[in-house]
Amino acid sequence: MSHNGQNHTQGQPAGPCVMVIFGASGDLTKRKLLPALYNLAKARLLPAEFAIVGFAFDDLTPESFRQRLSDDMKTFVAAGLDEPLWAWFLERIYYVRGNFQDPEAYQRLKEQLEQADKGHGTAGNRLFYLAVAPRFFSEIVQQLGSTGLASQEEGLWRRVIIEKPFGRDLDSAVKLNAEIKTVLDESQIYRIDHYLGKETVQNIMVFRFGNSIFEPIWNRHFIDHVQITAAETVGVEHRGGYYDHAGALRDMVPNHLFQLVTLTAMEPPVSFAADAVRQKQVDVLHAVQPPAPEDVLKNMVRGQYAAGSKGSERLAAYRAEPDVAPDSQTETLVALKLSIDNWRWADVPFYLRTGKRMATRLTEITIQFRRAPFILFQNTPVKGLETNRLVMRIQPEEGISLRFGAKIPGPIMNIGLVNMDFDYVRYFDSAPSTGYERLLYDCMIGDATLFQRADMVEAGWRVIQPVLDVWKALPPRNFPNYAANSWGPPEADELLARDGREWAQEGD
């Protein structure tokens with residue numbers, strides 16, 4: 001295998017490696033990363049020559065770290081823990097206590113990695129996962145560089161997975177890219193977006209490019225508009241400290257939502273090779289017009305939730321949440337209208353919305369096709385013909401539905417709307433999944449298709465930077481402006497109503 005892993009076959013176990021988790025005592029490790037590794041092992045996709053090294057500041061020994069993970073796994077592995085398989089893991093889990101800024105801790109890490117290579121035959125291949133606060137990203141990469149842990153000689157690989165948020169605006173994203181690239185080559189950097197571990201997200205490409213009935217109509221001649229919604233029913237929970245500095249726009253739009261926009265809107269790539277796909281995605285972002293200040297005021301809506309109720313449960317206002325400023329001006333909801341100025345999408349608006357404490361939890365992409373000519377139906381009781389709509393549901397139930405009109409049986413000409421529905425779980429037995437399995441496996445085999453490239457990150461920030469600038473200069477006057485457990489402020493509906501359209505709600 002070449003040291004970049006590119007000629008590895010999908011579906012085979014990954015090659016030998018050690019996974020180092022920085023911030024191993026945190027939430028992400030126990031909720032997502034270890035269950036994902038466990039599911040990979042169950043699916044026989046982990047190598048036999050494998051080890052895990054946790055690195056964190058907590059005062060733990062390797063034994064107490066293993067014990068803690070054993071307790072966590074009983075909670076977070078849904079289908080009951082396979083004891084022999086977990087015993088296999090415990091034999092190859094290690095712990096290094098250290099401060100992310102302490103060079104001596106990295107020396108201890110280096111020694112531990114050499115021992116793991118000897119004990120488990122991991123061949124010097126390393127996957128470093130930065131499950132840490134963003135302020136440590138650059139620091140850890142610099143330390144890996146100065147201890148020689150990031151350098152790849154021929155025949156072995158070193159890769160770094162970096163969690164979001166990648167920067168907090170265009171300048172900081174450019175600066176962070178520049179800093180980590182003093183140590184790492186772009187091919188070693190895996191900027192992770194866990195949305196892309198979801199089956200339906202990957203299925204967008206298969207659906208579009210593997211079915212000859214859809215690609216010919218996937219353009220401005222047939223599509224009226226596109227809506228992308230990522231609605232959450234939860235509030236900020238225990239993330240108030242982070243969220244109050246980030247807000248919904250930074251937290252969701254340049255990463256998750258723009259990934260969905262680019263996969264929906266991109267031109268067909270020549271192959272599924274990482275850079276072929278990512279080049280087409282970045283082309284979409286370059287074609288999105290960064291909004292002028294007056295566009296921000298007209299086409300970008302922000303909201304913050306007030307108190308509300310769900311049945312008999314009282315829901316607190318955002319400003320009453322833990323670690324949130326009592327006069328916070330941070331948005332918990334955004335709705336945007338974007339234009340992609342290229343041959344495929346000119347004059348087709350893309351409406352995006354995402355928020356906390358909304359009425360239903362769902363992430364979906366809605367493709368609304370153009371209305372059929374109406375003259376044929378003008379002397380019948382048929383009122384409207386907004387019939388053809390394709391919905392790709394990403395969560396909670398992954399699937400695809402296509403809506404079309406059919407005549408309602410009876411002597412009068414009337415049209416009813418019917419759905420052809422495809423549900424992942426019904427058609428394919430779904431293996432238990434955290435959404436991280438595919439991403440960790442891809443990183444081990446060197447497939448970067450589902451990870452953001454530097455230019456994609458910067459292009460995404462370039463689109464929303466004008467919004468950040470205007471919102472910073474003009475604080476919102478009407479926060480809070482929507483009740484918890486609702487679909488957001490009236491301005492979000494007006495954004496579409498002005499264009500004679502409306503948001504597709506569940507069950508429409």
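**Entry 1. Overview**

I counted 14 helices and 18 strands in the protein chain. I note at the outset that this is a predicted model. I then looked at burial across the chain: buried residues make up 55% of its 508 residues. I also checked the contacts with a separation of 6 or more, and residues 24 or more positions apart account for 77% of them.

**Entry 2. The parallel sheet**

I traced an open sheet of six strands, and its order reads S3-S2-S1-S4-S5-S6. The pairing is parallel. Which strands stand at the edges? They are S3 (93-97) and S6 (189-191). Each has a single partner strand, so one side of each is left without a neighbour in the sheet. I looked up the twist too, and from one strand to the next it averages 20°.

Next I took the pair S1 and S2. Strand S1 covers residues 17-22 and strand S2 covers residues 50-56. The two run parallel and are joined by six bridges. I picked out two of the partners. Val20 has Val53 as its bridge partner in S2. Ile21 has Gly54 as its bridge partner there.

**Entry 3. Strand S2 and the helices on the sheet**

I asked how many residues of S2 are buried. The count is seven of seven, so S2 is largely enclosed by the rest of the structure. In a regular strand, side chains alternate between the two faces of the sheet. I sorted S2 that way. Phe50, Ile52, Gly54 and Ala56 point one way. Ala51, Val53 and Phe55 point the other way.

I then looked at what packs here. Helix H1 (residues 27-42) lies across S1, S2, S3 and S4 (126-130). H1 runs at about 170° to S1. Helix H2 (residues 62-76) also packs on the sheet, where it touches S2 and S3. The direction of H2 makes about 120° with that of S3.

**Entry 4. An antiparallel pair**

I moved on to strand S8 (residues 300-303). Met300 and Arg302 point one way from S8, and Val301 and Gly303 point the other way. I noted that all four of these are buried, Arg302 included. S8 pairs with strand S12 (residues 333-338) through four bridges, and the two run antiparallel. For Val301, the bridge partner in S12 is Ala335.

**Entry 5. Phe209**

I found Phe209 in helix H7 (residues 199-209). Is Phe209 buried, exposed or partly exposed? Its relative accessible area is 25%, so I logged Phe209 as partly exposed. I listed its contacts, leaving aside neighbours within four places in sequence. They are Glu215, Met266, Glu267, Pro268 and Pro269. I followed up on Pro269, which is 60 residues away from Phe209 along the chain. The C-alpha atoms of the two are separated by 9.0 Å.

**Entry 6. Cavities**

I searched for cavities of 30 Å³ or more and counted four. The largest has a volume of about 110 Å³. Its lining is made of 13 residues. Lys164, Phe166, Asn255, Gln452 and Val457 lie nearest its centre. Helix H8 (240-265) and helix H13 (454-473) are the elements that give two or more residues to this lining. By class, I find seven nonpolar, two polar and four charged residues in the lining.

**Entry 7. Cis peptide bonds**

I checked the backbone at Lys164, one of the residues in the cavity lining. A cis peptide bond joins Lys164 to Pro165, with omega about 0°. Pro165 sits in the loop between strand S5 (158-162) and helix H6 (170-181).

I logged another cis peptide bond, between Phe479 and Pro480. Omega is about -10° there. Pro480 is in the loop between H13 and strand S18 (482-483).

**Entry 8. Positive phi at two arginines**

I looked up Arg44 and found a positive phi of about 60°, although this residue is not a glycine. Arg44 lies in the loop between H1 and S2. Its relative accessible area is 68%, so I recorded Arg44 as exposed.

I looked up Arg357 as well. Its phi is positive at about 55°, and Arg357 is not a glycine either. It lies in the loop between strand S13 (350-355) and strand S14 (362-369). Is Arg357 buried or exposed? Arg357 is buried, because its relative accessible area of 17% is under the 20% cut-off.

Key: Residues are numbered from 1 along each chain as its sequence is written. This is a predicted model: local features need pLDDT of at least 70, side-chain atom pairs count only at pLDDT 80 or more; totals for chains, interfaces and linings use all residues. Side-chain values use heavy atoms; hydrogens and water are left out. Two strands pair if DSSP finds at least two bridges between them. Axes are lines fitted to C-alpha atoms, for helices over the stretch in contact, and angles run from 0 to 180 degrees between N-to-C directions. Contact means heavy atoms within 4.5 Å. Buried means under 20% relative accessible area, exposed over 50%, partly exposed in between (1.4 Å probe, protein chains only). On a 1 Å grid over the protein atoms alone, a cavity is a set of points where a 1.4 Å probe fits but cannot get out, and a pocket is an open set with protein on both sides within 12 Å along at least five of seven lines; lining residues have an atom within 4 Å of a point. Grid points are joined across faces, edges and corners, and a volume is the space filled by probe spheres set on the points. Ala, Val, Leu, Ile, Met, Phe, Trp, Tyr, Cys and Pro count as nonpolar, Asp, Glu, Lys and Arg as charged, and the others, Gly among them, as polar.
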